[in-house]
Amino acid sequence: MSAQLAAYSTSTGEAFQFWVLGTVAVLGALCTILMRKAVHSALCLAGTMIILAVFYLANGAYFLGIVQIVVYTGAIMMLFLFVVMLVGVTAADSLKETIKGQRWLAAVCGLGFGILLVAGVANASLTQFTGLGKANANGNVEGLATLIFTKYVFAFEITGALLITATIGAMVLTHRERTERAKTQRELAEQRVREGKHLPPLPAPGVYARHNAVDIAGLLPDGTPSELTVMQTLRRRGQIRDVSGEALSDLKALEQRSAERLERTDGDRTAEEAAK
């Protein structure tokens, strides 16, 4: 009798873990929807996925917990996050609906999913408790595979078809038909000539007799520096070393003074040798 009660009861540590992590998971899910910046939403969703992995591990579903961390959080979610950061999605993007009524349709689908979830939990059979020992008798992976390919095989196949449909839909929505013929290299070269742009490639940064650093602008054939040869970050920071005409004039004057000093030194040496 005590073993049966222990199977149905929950320890203080399990209850504390559930209420604390469950609250954080729900808050992360709400922040995923309510955050204005896509990067913040992705980070909140990643946190919720990690908490779900902790729940799987705490309930003995070790394979699902590892898959949740490695596949969903570590691969797919981080891929979404990097794409959002590279593309630069901000709150200033247009929120105008391209498909009319999609918000109401999403609300209805969410409500229907919630009703199904509540009905499934309410109709769950709690009269018998198998226990983790029996469920994982031959290993967690084998027990999970048995359920997927026997009892829940149709739900598994429908989920796979849904994911494939979503992938194809994303490809169709992001595809853009080209309305104009692509210009050839010759046409692009002629367009640059007409617009008066730089025809030859710009010199690399640091093209100067005494420097090969990236913070020095390359010199054009006429001797003037080209700021386009230095990366934009250094230009905004003001970290470009000056090789303008004034700087070159100062350097030339310094070289001339050095040459005159050397000539005087050589003259003195010649006079000393003649005196000897």
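**Exercise 1. The two sides of helix H7**

Identify which of Asn-140, Gly-143 and Leu-144 in H7 are buried, and determine where the buried residues fall when seen down the axis of H7.

*Solution.* Step 1: in H7, the buried residues include Asn-140, Gly-143 and Leu-144; buried denotes a relative accessible area under 20%, exposed one over 50%, and partly exposed the range in between, with a 1.4 Å probe and protein chains only. Step 2: viewed down the axis of H7, the buried residues fall within an arc of 100°, so they line one face of the helix. The arc is taken over the directions from the helix axis to the C-beta atoms. Step 3: the face of H7 turned away from its buried side carries the exposed residues Phe-149 and Thr-150.

The model is predicted: local features require pLDDT of at least 70, side-chain atom pairs count only at pLDDT 80 or more, and totals for chains, interfaces and linings use all residues. Residues are numbered from 1 along each chain as its sequence is written, and side-chain values use heavy atoms, with hydrogens and water left out.

**Exercise 2. The span of H7**

Compare the expected span of H7 (residues 140–151) with the separation of its end C-alpha atoms.

*Solution.* Step 1: the expected span of a helix is 1.5 Å times one less than its number of residues. Step 2: for the 12 residues of H7 this gives 16 Å. Step 3: the end C-alpha atoms of H7 are 16 Å apart, which agrees.

**Exercise 3. The overall architecture**

State how many helices and strands the protein has, and describe its burial and its exposed area.

*Solution.* Step 1: the protein has 11 helices and 2 strands, where helices (H or I, at least four residues) and strands (E, at least two) are DSSP runs numbered from the N terminus. Step 2: from the N terminus on, their order is α-α-α-α-α-α-α-α-α-β-β-α-α. Step 3: of the 276 residues, 13% are buried. Step 4: about 22400 Å² is exposed, and carbon and sulfur atoms supply 65% of it; accessible areas come from the Shrake-Rupley method with a 1.4 Å probe, and for residues only the protein chains shown count as cover. Step 5: among contacts (heavy atoms within 4.5 Å) between residues at least 6 apart in sequence, 45% join residues at least 24 apart.

**Exercise 4. Helix H4 and the nonpolar patch**

Determine which helix gives the most to the nonpolar patch, and establish whether Thr-73 is buried or exposed.

*Solution.* Step 1: the surface carries a nonpolar patch with about 970 Å² of accessible area together, its members including Leu-57, Tyr-62, Ile-69 and Val-83. Patches are made of residues with over 30% relative accessible area and no salt bridge; like charges are joined within 9 Å, and nonpolar side chains (Val, Leu, Ile, Met, Phe, Trp, Tyr) within 5 Å. Step 2: helix H4 (residues 62–87) gives the most to this patch, with 10 residues. Step 3: Ile-69 is found in H4 and, at 36% relative accessibility, counts as partly exposed. Step 4: Thr-73 also has its place in H4, but counts as buried at 7% relative accessibility. Step 5: leaving aside residues up to four places away in sequence, Thr-73 touches Ala-46, Met-49, Ile-50, Gln-68 and Met-78.

**Exercise 5. Salt bridges**

Count the salt bridges in the structure, and find which residues are joined into one network by shared partners.

*Solution.* Step 1: there are 3 salt bridges, each defined by a side-chain nitrogen of Lys or Arg within 4 Å of a carboxyl oxygen of Asp or Glu. Step 2: Arg-181 pairs with Glu-187, their closest N and O atoms being 3.0 Å apart. Arg-181 is exposed at 61% relative accessible area, whereas Glu-187 is partly exposed at 29%. Step 3: Arg-186 and Glu-190 meet in a salt bridge at 3.4 Å, N to O; both lie in helix H9 (residues 185–195), 4 residues apart, about one turn of the helix. Arg-186 is exposed at 63%, while Glu-190 is partly exposed at 33%. Step 4: Glu-190 also forms a salt bridge with Arg-194, with the closest N and O atoms 3.8 Å apart. Salt bridges that share partners thus join Arg-186, Glu-190 and Arg-194 into one network.
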